[in-house]
Each structure stands twice: as structure tokens, then as C-alpha cells.
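User: I would like to learn how to read the fold of a small protein chain, going from its secondary structure to its overall dimensions. Could you take me through it one feature at a time?

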Amino acid sequence: MRFKKYHGLGNDFLIVDLRAQPDLAPSPQDPAVVKVLCDRRFGVGGDGVLALLDPVSENAYIRMRVLNSDGGEAEM
């Protein structure tokens with residue numbers, strides 16, 4: 001799984017571009033996978049995963065899904 005980790009203002013997130021790896025398994029959108037990735041002792045560690053996806057509208061360049069470290073989707 002290719003990812004980047006970004007830090008800012010006390011938070012850190014794993015960025016996974018699923019446009020480049022659409023059939024990635026295990027999926028970094030799976031809540032169990034998010035929990036493992038964000039675990040600071042046994043995983044990469046992070047406050048969450050930002051999954052970059054193909055847009056659903058022709059008026060956008062990208063779609064983003066924000067997943068908290070507990071595996072749940074963030075409400076915006």
C-alpha cells in the first residue's frame with residue numbers, strides 16, 4: 001500500500017490515493033484496516049486516513065473520504 005503521512009497543527013493523517021490503486025486489498029477504507037494503520041504502537045500511527053477517490057461529478061477533480069482512527073467516517 002502506497003501512502004504519505006502529513007502532519008499539521010498537532011494532527012497527522014495517512015493519505016492514500018485510491019485513484020492510482022483502485023483495487024487495493026486490503027482496502028484502506030475498511031474500518032478494521034484503518035484501526036490497524038492508525039495504531040501508534042503497532043501500525044504507522046495517525047489520527048485518521050484520508051482516502052482520495054475519483055470524483056462523482058464532472059465539476060470536481062477529486063473526492064475525499066475522511067476516516068477517523070477508530071475506523072468510523074468523520075462527519076463534516
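**Reading the fold**

Analyst: Let us begin with one pair of residues in the sheet: Lys5 stands opposite Leu14 in S2. Please keep in mind that this is a predicted model.

User: How many bridges join S1 and strand S2, and in which sense do they pair?

Analyst: Strand S1 pairs with strand S2, residues 11-17, through five bridges, and the sense of that pairing is antiparallel.

User: What is the order of the strands in the sheet?

Analyst: The sheet is open and consists of four strands in the order S1-S2-S3-S4, with mixed pairing. Because S1 (4-8) and S4 (63-68) each have a single partner strand, they stand at the edges, and one side of each is left without a neighbour in the sheet. From one strand to the next, the twist averages 25°.

User: Where does helix H1 lie?

Analyst: It helps to start from the sequence, along which the protein chain follows the pattern β-β-α-β-β, giving one helix and four strands. Helix H1, residues 31-38, lies across S2, S3 (48-53) and S4, and runs at about 125° to S3.

User: What radius of gyration does the protein chain have, and how does that relate to a compact globule?

Analyst: The general idea is to set the value against the expectation for the chain length: for 76 residues a compact globule would have a radius of gyration near 11 Å, and the 12 Å of the protein chain agrees with this. Along the principal axes, its C-alpha atoms fill a box of roughly 40 × 30 × 20 Å.

User: What share of the residues is buried?

Analyst: Counting as buried those under 20% relative accessible area, buried residues make up 29% of the 76 in the protein chain.

Notes: Residues numbered from 1 in each chain as written. Predicted model: local features only at pLDDT ≥ 70, side-chain atom pairs only at ≥ 80, totals over all residues. Heavy atoms only, no water. Pairing = 2+ DSSP bridges. Helix = DSSP H or I, 4+ residues; strand = E, 2+ residues; numbered from the N terminus. Axes fitted to C-alpha atoms, helices over the stretch in contact; angles between N-to-C directions. Contact = heavy atoms within 4.5 Å. Rg over C-alpha atoms; globule rule 2.2 N^0.38 Å. Buried < 20%, exposed > 50% of the residue type's maximum accessible area, 1.4 Å probe, protein only.
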